[in-house]
Amino acid sequence: MKRAVYLDHQATTPTDPRVVEAMLPYFSEHFGNAASRAHAFGWAAEGAVAEARERVRAAIGAEEAAEVIFTSGATESNNLALRGVALAYAKTTGASRGHIITTSIEHHAVLEPCDALVREGFSVTQVRVPANGIVEVAEVERAFRADTILVSVMAANNEVGTLQPISELGELCRARGAIFHTDAAQALSAVPIQVEQSKLDLVSLSAHKFYGPKGTGALYVRRHGSPVRLVSQVLGGGHELGLRAGTLNVPGIVGMGVAAELAAAEREEENQRVRALRDRLWARLSANISGISVNGELERRLPGNLNLLIARVRADALMAALPLLAISSGAACSSNRPLPSHVLGALGLSVEDAACSIRLGIGRFTTEEDVDLAAERLERGVARLRNGG
């Protein structure tokens with residue numbers, strides 16, 4: 001039987017066995033509610049959450065563990081960050097308007113909350129991004145207005161993998177008195193996220209993007225200096241310092257803490273190995289497939305990401321022809337959308353070229369054998385489709 005190969009690590013990552021091992025006791029032996037502070041079962045759960053919060057704090061260089069608010073994932077974190085800041089601004093100032101800056105290549109979990117805020121009276125500027133996929137700081141600076149309250153730029157793009165200049169943007173926003181948020185869902189396992197060093201005010205994280213469990217995430221919220229004020233988006237219990245109500249997912253939070261610690265500890269060594277595999281794959285494909293090119297800048301991107309335009313071969317046809325090769329044509333949560341990738345369109349690709357682009361994502365458990373097998377299948381698939389097969 002032919003073996004399946006997984007090259008879709010920007011969609012999700014397999015949970016590391018070490019993470020699973022840490023989570024298991026909290027499904028059965030230590031099953032208490034972390035909010036139950038009157039007995040030992042609750043104390044054990046509360047202690048596990050506190051330990052995980054400290055692990056996430058250390059992984060991102062935050063000053064206080066209380067600055068880490070657990071959520072269901074980066075989508076919820078993005079909504080809490082964007083809507084929370086905007087509605088807190090309106091509540092504090094009595095004004096219904098304020099200005100937000102973001103980019104044209106953000107995830108829909110940022111763009112759609114921004115659209116909703118526009119309908120509520122706020123204004124949003126989407127900064128255009130050049131063909132290399134890296135936002136220009138000067139363009140963000142030009143977008144500032146007197147009423148700019150928030151800037152949101154992702155740390156790493158989920159489709160083309162390009163790394164954004166978040167430290168420079170953090171400096172700019174701090175100097176201009178605006179809150180800076182970054183969606184770092186894709187970034188933690190690949191690049192250092194240091195909130196103090198980069199002057200980050202809000203950071204969204206999702207555990208399943210760095211070998212932790214699905215359904216668990218966090219929002220870093222700066223509390224020291226000039227604390228960030230948020231209006232909670234989930235009401236009903238006062239959990240997480242009143243910013244996110246709901247019974248805590250203790251096993252998931254434990255897993256996220258361990259996954260974050262592993263990501264920080266093993267990042268450098270893992271990046272070298274993953275980047276070498278990516279370069280091996282690109283060298284093979286570029287040598288054997290004509291009309292192939294990389295979307296976005298190759299060097300400043302996630303080490304395991306390749307987003308490739310293969311001329312005259314539609315991505316949907318290629319994926320259908322290769323069912324045992326897990327690849328994608330864009331964001332996993334957008335796979336049911338009939339329209340081409342908004343990210344590739346924002347980088348200047350035509351509708352036809354975007355439809356002929358695929359995303360390959362190499363990860364922690366990918367092997368040389370996986371890469372060589374994937375290359376062989378892609379080469380055969382492209383040749384077959386171009387020959388009308």
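## Two sheets and the helices around them

Three strands, ordered β9-β10-β12, make up an open sheet with antiparallel pairing, where two strands count as paired if DSSP finds at least two bridges between them. The strands, like the helices, are DSSP runs numbered from the N terminus, with E runs of at least two residues taken as strands and H or I runs of at least four residues taken as helices. Because β9 (292–294) and β12 (357–361) stand at the edges and have a single partner strand each, one side of each is left without a neighbour in the sheet. On average, and with direction ignored, neighbouring strands of this sheet are turned by 30 degrees against each other; axes here are lines fitted to C-alpha atoms, for helices over the stretch in contact, and angles between N-to-C directions run from 0 to 180 degrees.

The model is a predicted one, in which local features need pLDDT of at least 70 and side-chain atom pairs count only at pLDDT 80 or more, while totals for chains, interfaces and linings use all residues. Residues are numbered from 1 along each chain as its sequence is written, and side-chain values use heavy atoms, with hydrogens and water left out.

Within the three-stranded sheet, strand β10 (residues 305–310) runs antiparallel to β12 and is joined to it by five bridges, and Asn-307 has Arg-359 in β12 as its bridge partner. Helix α7 (residues 250–288) lies across β9, β10 and β12 and runs at about 10 degrees to β10, contact meaning heavy atoms within 4.5 Å.

Helix α7 also meets helix α11 (residues 368–386), the two axes coming within 10 Å and crossing at roughly 20 degrees. The two helices α7 and α11 are therefore roughly parallel to each other, since angles under 35 degrees count as roughly parallel, those over 145 as roughly antiparallel, those from 65 to 115 as roughly perpendicular and the rest as oblique. The crossing of α7 past α11 is right-handed, a label given when the near helix is turned clockwise from the far one by less than a right angle, with left-handed used for an anticlockwise turn. On the α7 side the contact involves Leu-277, Arg-280, Leu-281, Arg-284, Leu-285 and Asn-288, and these meet residues of α11 including Val-371, Ala-375 and Leu-378.

A second open sheet holds seven strands in the order β2-β8-β7-β6-β5-β3-β4, and its pairing is mixed. Its edges are formed by β2 (68–71) and β4, each with a single partner strand, so one side of each is left without a neighbour in the sheet. From one strand to the next, the twist averages 20 degrees.

At one end of this order, strand β3 (residues 99–103) pairs with strand β4 (residues 123–127) in the parallel sense over five bridges. The chain passes from β3 through helix α4 (residues 108–119) to β4 in a right-handed β-α-β crossover, meaning that, with the strands pointing away from the viewer, the path from the first strand over the helix to the second runs clockwise. Along the paired strands, Ile-100 stands opposite Val-124 in β4, and Thr-102 stands opposite Gln-126 in β4.

Helix α4 packs in turn against helix α3 (residues 74–93), at an angle of about 30 degrees and with the axes 9 Å apart, which makes α3 roughly parallel to α4. The crossing of α3 past α4 is right-handed. Among the residues that meet here are Thr-75, Leu-82 and Ala-86 in α3 and Val-110, Pro-113 and Leu-117 in α4. Elsewhere, helix α6 (residues 166–176) lies across β5 (148–152) and β6 (179–183), running at about 160 degrees to β6.

Some single residues complete the picture. Ser-206 is found in strand β7 (residues 202–206) and counts as buried because its relative accessibility is 6%, where buried means under 20% relative accessible area, exposed over 50% and partly exposed in between, with a 1.4 Å probe and protein chains only. Leaving aside residues up to four places away in sequence, Ser-206 touches Gly-73, Ala-74, Ala-185, Thr-216 and Gly-217.

Most residues other than glycine have a negative phi. Tyr-211, although not a glycine, has a positive phi of about 70 degrees; Tyr-211 lies in the loop between β7 and β8 (217–221) and is buried, with a relative accessible area of 4%. Leu-241 likewise has a positive phi, near 55 degrees, and is found in the loop between β8 and α7, where Leu-241 counts as exposed at 55% relative accessibility.
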